[in-house]
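Hi there,

Here is the structure I promised to pass on. Have a look at it first, and my notes come right after.

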Amino acid sequence: SMKKTRIVILAIVIVAAICTAFYIVNNNSKKESAKEAGLTEIQKITTRNMEKDYPATPREVIKFYNRIVKCYYGRQYSDDELEQLADQALSMFDDDLLKKNEKESYIESVKSDAAQYEEDNKSISQTDVCDSNDVKYMTDNGDDIAYVTASYFIKTGSSYTKTYQEYVLRKDGDGDWKILTFYKIEGESSESDE
């Protein structure tokens, strides 16, 4: 009968519409992840929403900070991108550290450090952060403090040195870990001329 055929056709149309919708949605999410994959490391860092997606642990904070540092010394950025990288870094600084790092002067010091690296033919080939169970926690005057050690493999010409930094983080009122201070510490340095 006519009626039956019409229902069958209608059903086919609906299924086709669902399939098309699914294809569009699926394709868009593929495009999104392709776009994500196509982002440069700098774009991945600068597009991270630090309000909504702040690194959860002291170790994660330093890992993210190190990615920024590596970009600084990679020197592959526009002035705008450098400013955006600096904004992300400064969002991880404790208020006490921010007082000592005015944004403008912070960017200037990053620029001059990076220029010095270029002059000395230096680059950071790798950064590392200590294991979670090596993070030291303590309380100081009611503040939660964490110590995170990071290491940096620095290539100068054809030789490598490893330097260590100790980062001290303090938990702020929102429960976020912020960098309070950092300093170089002695570690075994392996000089090798390959």
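Below is what I found, starting with one helix and moving on to the aromatic rings.

Please keep in mind that this is a predicted model.

Helix 6 covers residues 103-119, and its end C-alpha atoms are 24 Å apart, in agreement with the 24 Å expected for 17 residues at 1.5 Å a residue. Tyr 106, Ile 107, Val 110, Ala 114 and Tyr 117 are buried in this helix. Their arc around the axis is only 95 degrees, which puts them on the same side of helix 6. Glu 104 and Glu 119, on the other side, are exposed. The partners of the buried residues are helix 3 (58-74), helix 4 (79-90), strand 1 (122-129) and strand 3 (143-156). Just after the helix, Asn 121 has a positive phi of about 60 degrees.

Now for the rings: there are eight aromatic pairs in the structure. One of them joins Tyr 65 and Tyr 167, with centres 5.8 Å apart and planes at 75 degrees, so it counts as edge-to-face. Tyr 65 belongs to helix 3 and Tyr 167 to strand 4, 102 residues apart in the chain. Tyr 167 is buried, at 1% relative accessible area. Tyr 167 also pairs with Phe 182; here the centres are 5.2 Å apart and the planes at 40 degrees, so this pair is tilted. Phe 182, at 30%, is partly exposed. These three residues join Tyr 72, Phe 93 and Tyr 106 in one aromatic cluster.

Two charges sit over rings as well. Lys 122 lies over the face of Tyr 117, 5.3 Å from the ring centre, and the charged end of Arg 48 sits over the ring of Phe 64, at 4.5 Å from its centre.

Best wishes

Technical notes:
Residues numbered from 1 in each chain as written. Predicted model: local features only at pLDDT ≥ 70, side-chain atom pairs only at ≥ 80, totals over all residues. Heavy atoms only, no water. Helix = DSSP H or I, 4+ residues; strand = E, 2+ residues; numbered from the N terminus. Expected span 1.5 Å × (residues − 1). Buried < 20%, exposed > 50% of the residue type's maximum accessible area, 1.4 Å probe, protein only. Arc of directions from axis to C-beta. Contact = heavy atoms within 4.5 Å. Phe/Tyr/Trp six-rings, centres within 6.5 Å; stacked < 30°, edge-to-face > 60°. Lys NZ or Arg CZ within 6 Å of the ring centre and 35° of its normal.
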